[in-house]
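Biologist: Let's go through the enclosed space in this model. Please keep the answers short.

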Amino acid sequence: MKFLICANYLPHVLNFRGKLLQDIAALGYEIHVVAPDLKAYATDYNILSELGYSLHEVPMQRTGTNPIADTKMLMAMYSLLHEIQPDFMLSYTIKPVIYGTLAAWLAKVPNRFVLISGLGYTFQQVEETSKRTVFQKLVHSMYQQALKKSSKVFFQNTDDRDLFKSLKLLSFKTPSVVVNGSGVDVTDFDVLPFPRDTAGSIKPSFLLIARLLKDKGILEYVRAAKKIKAEYPNAEFHLVGWIDENPAAISQTQLDDWIKDGDINYWGKLDDVRPAIQECSVYVLPSYREGTSRSVLEAMSMGRAIITTDAPGCRETVVSGENGYLVPVQAVDELVDAMKQFIDNPGLCERMGQASRGIALEKYDVKKVNAHMISEMGLMSLGNKL
């Protein structure tokens with residue numbers, strides 16, 4: 001039997017769904033991966049191929065709304081799925097969810113699953129149908145049609161599911177389930193010592209890992225850094241990420257100015273984020289909305305306290321006062337106050353970091369998350385079917 005996953009970016013298949021695919025392959029399923037631009041990511045392609053997976057390329061623009069290009073993608077997806085004839089299919093991110101699911105329905109793929117791993121810019125500032133732009137209404141209508149054709153929809157937080165229901169994008173006839181994000185490998189992301197100064201004290205060192213998008217809270221993070229450094233010159237602010245092809249992306253000029261001003265220590269894009277997490281004492285994500293942030297889970301697993309927003313997909317990771325603090329979205333002053341708590345009381349880093357590790361082990365262990373998804377998709381050991 002064949003299991004196929006459809007994504008818009010090959011490196012994320014390995015990074016975010018790699019453990020899930022390994023667990024499904026271990027049950028005896030033949031794994032197929034569909035994504036665009038395979039030749040651009042030779043390392044990821046080779047790793048996935050060496051695992052025994054079959055990789056297939058489809059023309060797909062990650063962003064953009066060219067109807068001709070999207071129609072070609074739909075037709076290519078249909079032809080490919082008709083040829084492969086998978087038994088199970090999982091799609092995530094906007095275009096694979098919409099066009100992949102519709103193509104799978106046309107190709108009569110029997111089990112069509114959707115994972116809503118985040119909402120993106122088409123859902124920004126949308127809580128009521130009356131406030132949507134024409135473009136948002138169009139995209140949401142396409143979501144609605146695709147989700148009607150899905151067997152089950154996975155969400156990573158209850159707020160996203162509630163929003164889809166309130167916007168009437170998710171039919172009451174379509175089953176849905178909430179899972180605890182993508183999970184984190186608690187063995188790979190084990191606890192490491194805190195960075196310390198020459199006196200042996202924990203450094204006031206903050207870190208944000210994200211695509212450099214405004215709705216990730218990048219601007220608020222840098223503004224808070226400026227305010228903190230004016231009062232605490234020794235505080236460090238690290239940033240890992242890259243400028244994405246997205247309407248919400250910051251400009252290269254902005255990033256260059258931050259680096260030039262000395263506000264942040266920019267690491268660029270990292271294949272392995274663990275060295276950066278080890279260099280921080282507190283992890284910060286002032287995002288406006290998430291599915292469930294993988295970077296937060298990784299920092300928690302490595303025993304770091306968390307500052308994040310009281311927003312969907314963020315608030316689930318923090319018990320405020322136990323493993324970190326929740327602050328309002330776009331609230332720079334409150335973000336600064338939360339950072340000061342750790343600077344003035346460095347012992348909080350250790351105490352809350354230990355609590356973060358405990359939550360990661362209990363709630364976000366990737367083995368537990370994968371087992372939940374596999375069960376909900378009705379996958380079982382093929383040895384039991386013989």
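Biologist: Which class of residue, nonpolar, polar or charged, has five members in the lining of the second largest cavity?
Modeller: This is a predicted model, where local features need pLDDT of at least 70, side-chain atom pairs count only at pLDDT 80 or more, and totals for chains, interfaces and linings use all residues. Residues are numbered from 1 along each chain as its sequence is written, and side-chain values use heavy atoms, without hydrogens and water. Ala, Val, Leu, Ile, Met, Phe, Trp, Tyr, Cys and Pro count as nonpolar, Asp, Glu, Lys and Arg as charged, and the others, Gly among them, as polar. The lining has two nonpolar and three charged residues, and the class with five is polar.

Biologist: Which element gives the largest share of that second lining?
Modeller: Lining residues have an atom within 4 Å of a point on a 1 Å grid over the protein atoms alone, and a cavity is a set of points where a 1.4 Å probe fits but cannot get out. Among those lining the second largest cavity are N15, F16, R17, R294 and V366. Helices are DSSP runs (H or I, at least four residues), numbered from the N terminus. The largest share, five residues, comes from α1.

Biologist: How much space lies in the largest cavity?
Modeller: A volume is the space filled by probe spheres set on the points, which are joined across faces, edges and corners. The whole structure has two cavities of 30 Å³ or more. The second largest holds about 30 Å³. For the largest, the value is about 40 Å³.

Biologist: Which elements each supply at least two residues of the lining of the largest cavity?
Modeller: That lining includes F16, L115, Q156 and M373. By class it has five nonpolar, four polar and one charged residues. The elements are α1 (10-26) and α13 (366-376).

How values were computed
1 Å grid on protein atoms, 1.4 Å probe; cavity = no way out; pocket = protein on both sides within 12 Å on 5 of 7 lines; lining within 4 Å.
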